[in-house]
Amino acid sequence: MDKLIKPVRFWLCATIMIVGLLGCDRFTGRYGEPVERVSDGDTIVVKDANGKNFSVRFACVDAPEIAHTNKEKQSKRTSDRNQFTWGVKAQERVQQLVQQGGDRVTLNITDSDRYGRKIAEVRLQNGTFVQQVLLQEGLAKVYRPYLNKCPSKDLVQQAEAEAKQQRLGVWSDTKFVNPWEYRSLSKK
């Protein structure tokens, strides 16, 4: 009987270890937070380890706004149309990046905002820094009021400077209004 118990115990332990490893994201290549949706060009919704969704606002940057209400969607104002066109481009680029990253991101949470969103630097599984890509392509601008809370502030400022010099994205549009200025004007 003892000769039978030892092999059974061994295989039972081996099976438990293998099942445990298969469930471990590190060994299956599925690490990071699963992205549930891309809300706009600088906000995503991810699912935590407990299955609860939470919003993540991108640290360091501010992307153009998208239309949220029917009134905004139907607006004929040039400033609205311009802002929303760039906002959709930024949102689509984030969706594209997230998909390329297997719908998972790694977060470096730096703060939370007044709306309860986590503020984070967002990277894909391969290390791509999402904010850097948006800035390099001129689809976002550095948000300087909170730059001191940005661990990668030198990187984002350099990315923005390159896009500005090459007149990429919003830098090519003389009618573009900075997102923070647009928001303050639209509240009046």
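Which residue lies over the face of Trp 86? That would be Lys 89, at 4.5 Å from the ring centre. And there's another one like that, with Arg 123 lying over the face of Phe 129, in this case at 4.2 Å from the ring centre.

Okay, hi everyone. Before I go on, please keep in mind that what you see above is a predicted model. Let me step back and give you the overall layout, then we'll come back to side chains.

So, the chain has 188 residues, and 39% of them are buried. It has seven helices and seven strands. If you walk along from the N terminus, you meet the elements in the order α-α-β-β-β-β-α-α-β-β-α-β-α-α. The accessible surface comes to about 11,700 Å², and carbon and sulfur atoms account for 52% of that. One more overall number: take the contacts between residues at least 6 apart in sequence, and 56% of them join residues at least 24 apart.

Now, the strands. Find β2, residues 43-47, because that's a good place to start. Four of the five residues in β2 are buried, so to speak of it as mostly covered is fair by the 20% limit. On one side, β2 pairs with strand β1, residues 33-40, in the antiparallel sense over four bridges. Those two strands form a hairpin with two residues between them. If you want a spot to click on, Asp 40 has Thr 43 in β2 as its bridge partner.

β2 also pairs with strand β3, residues 53-58, again in the antiparallel sense, with five bridges. Here Ile 44 stands opposite Val 56 in β3. This is a hairpin too, with five residues between the strands, and Gly 51 in the turn has a positive phi of about 85°.

Right, on to charges. How many salt bridges does the count come to? The count is 10. I'll show you a few of them.

The one I'd like you to look at is Glu 65 with Arg 183, where the N to O distance is 2.6 Å. Glu 65 lies in the loop between β4 (61-62) and α3 (70-73), while Arg 183 is in helix α7 (residues 179-186), so this pair ties together parts that are 118 residues apart in sequence. Is Glu 65 buried or exposed? Glu 65 is buried, with a relative accessible area of 15%. Arg 183 is partly exposed, at 24%.

And that pair has company. Asp 42, Arg 57, Asp 62, Glu 65 and Arg 183 are linked in a network of salt bridges. If you colour those five residues in the viewer, you can follow the network yourself.

Two more salt bridges, quickly. Arg 77 and Asp 80 meet at 3.7 Å, N to O. Arg 77 counts as partly exposed, at 48% relative accessibility, whereas Asp 80 is buried, with a relative accessible area of 7%. Then there's Asp 113 with Arg 117, whose closest N and O atoms are 2.6 Å apart.

Last topic: aromatic rings. A pair of rings is described by the distance of the centres and the angle of the planes. A search of the whole structure finds three aromatic pairs. One of them is Tyr 143 with Tyr 146, at 5.8 Å centre to centre with 35° between the planes, which makes a tilted pair. Tyr 143 is buried, with a relative accessible area of 19%. Tyr 146, on the other hand, counts as partly exposed, at 48% relative accessibility.

Tyr 143 has another ring partner, and that's Trp 180: their centres are 5.5 Å apart and their planes are at 55°, so this pair is tilted as well. What does this pair link? The answer is distant parts of the chain, with Tyr 143 in the loop between β7 (141-142) and α6 (153-166), and Trp 180 in helix α7, 37 residues apart. Trp 180 counts as partly exposed, at 27% relative accessibility. Put the rings together and you get a cluster of Tyr 143, Tyr 146 and Trp 180, linked by ring pairs.

Let me leave you with helix α7. Arg 183 in that helix meets Glu 65 across 118 residues of sequence, and Trp 180, also in α7, pairs with Tyr 143 across 37. That's my tour, thanks for listening.

Key. Residues numbered from 1 in each chain as written. Predicted model: local features only at pLDDT ≥ 70, side-chain atom pairs only at ≥ 80, totals over all residues. Heavy atoms only, no water. Salt bridge = Lys/Arg side-chain N within 4 Å of Asp/Glu carboxyl O. Buried < 20%, exposed > 50% of the residue type's maximum accessible area, 1.4 Å probe, protein only. Phe/Tyr/Trp six-rings, centres within 6.5 Å; stacked < 30°, edge-to-face > 60°. Lys NZ or Arg CZ within 6 Å of the ring centre and 35° of its normal. Contact = heavy atoms within 4.5 Å. Areas by Shrake-Rupley, 256 points an atom, 1.4 Å probe, with all protein chains shown as cover. Pairing = 2+ DSSP bridges.
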